[in-house]
Amino acid sequence: MTTEKSPSGRPGAPLRPTGPAAPAQPASPGGPDAYETPVTTGGPDEPDRPVTAGGPDRPVTASGPDGPDTPATPATAGRPDRRGTPMTAGGPDGHETPMTTGGPDRPDRPATAVPAYPPDGSRPGLSGLAALLPAITELYVGLHRHPELSGAEERTAARFADWLAADGFRVLRGVGGHGVAAELHNGDGPAVLLRAELDALPVAEDTGAPYASTVTAPGPDGKPVPVAHACGHDAHLACVAGAARWLAGRRDRWRGTLLVVGQPAEENLSGAHAMLRDGLYERITPPGDVLAQHTAPFPAGMVAHAQGPLLAASTALQAVFEGDGGHVATPHLAADPLRAAAASVLRLTSPASPADRVVVTVSSLRTGDGGPSANVLPTRAELRVSIRAFTEPALERATAAVERAVREEAAAAAVPSRVRLTVLSRSRATVPDPDLTATVRAAHRALFGAARVTGWPGSAATDDFPLLTGAGAHLHGHPGIRGAYWMLGATGPARWAAAPGTGAAAKLAALPANHSPRFLPSPRLTLETGTAALVSAALARLV
């Protein structure tokens, strides 16, 4: 999910399962390049037993630094005395829009108790899922340790493609860059696509996890940058891989065509476009429905659906200010690009229109040639600006206002700077199809119980997911493709309980959000819930 490397999105909690302990199970390799050592787990019915990976020389606890994955109490995620209290969420920027845990159809309805899972740890109707969790966890840990930047996802794509090929999918590699597309026919029926992202972020991980990334790689300018899965794409991939394996192994449960896409370059909003331009829907069966999910820092074990826009539309602008240089002793005699850029930053820090739910954020300011000298006026300064809104008209108005402000600041000096504006990327709002969303939400409520399925108020984060649906018909020619997209809780119960604050809003504000160096999903509950959510959503359509 793209948050332009700065706050601009936004994102309630489960009962502890009961039942006798399940024996530890070895991980299946999941492909020819299986990671370092086997993964063992006590199963989801034994939440206090950590999942480990990495071997005796490098132990990894997959429950993460927040402690064992014991689900929290529903409704207010740790406040059983106020089960009907509204929560606030909205995605990675912690925007405090009300969200309730009683479900989007009855926002004032308190959550209800959820039946215990069966003794084997499986979800009702999803037998065998627990047995896949070690392999899913192993895949996740390996992806987390080895992140790759947008457009450079070669290893990640190979790992994902090998996993799918091992499960009998027809696999296409190198679609639109490092994109992966896979197809599994199982008789006549609908075509449903599960989508996840391959890329990571230029962020230095600071989670303290024993499986934390220490990777560096060349950035766009060739200089080395740290790389980390600070947005949860590794978890998304692992969940899609797990769902694909479960469905491939149980073809008696569904009919139709199962499609899987591992999309590159989501963070710079170019990957979906590149795959479609490379003939994605000509090389696989065009889907009728596309399904996706995204982690957010609300309690793990829950999912959240929106009514209306789930994610915002966005425009990313680059503003380049140029002058001819000069001496700092006589700034009135020369254009000063840095001064014009700095003035623009101050002017653009306030939302253009709160009524339109517009978010304007300057994510970077750089000068081109000042170097270490304190007595030289730079000849160039560059700004990058993110503009987010939930409707196209609001986005157009905000973008025009930003462009006008930048030009006015450049012209305001005694010697004006020259300015060039470039659109780096654009994305549409993610508005899930209401009928498909109702079907998927009903499947989730039947699987998880009402207490674990909540509402989502819409987040100013953005995604290029809509291009894979009918919104991208100008690229692929299929206007009838529907999309369903939901949010996946990723904060473990111990970490949630320890977060400062007495209510959900305060806890969400205190917890590390997506794109933070300290963002880390709690693997056990996140992977189990995310995999089950995808399987149940696919089964709701593959009939």
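The exercises below, each with a worked solution, concern strand pairing and helix packing in a predicted model.

**Exercise 1.** Determine which strands pair with strand E13 and in which sense, and state how far E13 is covered.

*Solution.*
1. Strand E13 spans residues 313-322, and nine of its 10 residues are buried, where buried means under 20% relative accessible area.
2. One partner is strand E17 (residues 380-389), joined to E13 in the antiparallel sense over 10 bridges. In this pairing, Thr315 stands opposite Ile387 of E17.
3. Strand E18 (residues 418-427) also runs antiparallel to E13, with nine bridges between them. Here Val320 is placed opposite Arg420 of E18.

**Exercise 2.** Establish the strand order of the eight-stranded open sheet and explain why E5 and E19 each have one side without a neighbour.

*Solution.*
1. The order is E5-E6-E10-E7-E11-E20-E12-E19, and the pairing is mixed.
2. Strands E5 (170-175) and E19 (453-456) occupy the edges; each has a single partner strand, so one side of each lacks a neighbour in the sheet.
3. From one strand to the next, the twist averages 25 degrees.
4. At the E19 edge, strand E12 (residues 303-306) runs parallel to E19, and four bridges join them. His305 stands opposite Gly455 of E19.

**Exercise 3.** Identify the strands that helices H2 and H12 lie across, and give the angles.

*Solution.*
1. Helix H2 (residues 154-166) lies across E5, E6 (179-186) and E10 (256-263), and runs at about 165 degrees to E5.
2. Helix H12 (residues 523-541) lies across E7 (191-197), E11 (289-299), E12 and E20 (482-491); its angle to E20 is about 160 degrees.

Note on methods
Residues are numbered from 1 along each chain as its sequence is written. This is a predicted model: local features need pLDDT of at least 70, side-chain atom pairs count only at pLDDT 80 or more; totals for chains, interfaces and linings use all residues. Side-chain values use heavy atoms; hydrogens and water are left out. Buried means under 20% relative accessible area, exposed over 50%, partly exposed in between (1.4 Å probe, protein chains only). Helices (H or I, at least four residues) and strands (E, at least two) are DSSP runs, numbered from the N terminus. Two strands pair if DSSP finds at least two bridges between them. Axes are lines fitted to C-alpha atoms, for helices over the stretch in contact, and angles run from 0 to 180 degrees between N-to-C directions. Contact means heavy atoms within 4.5 Å.
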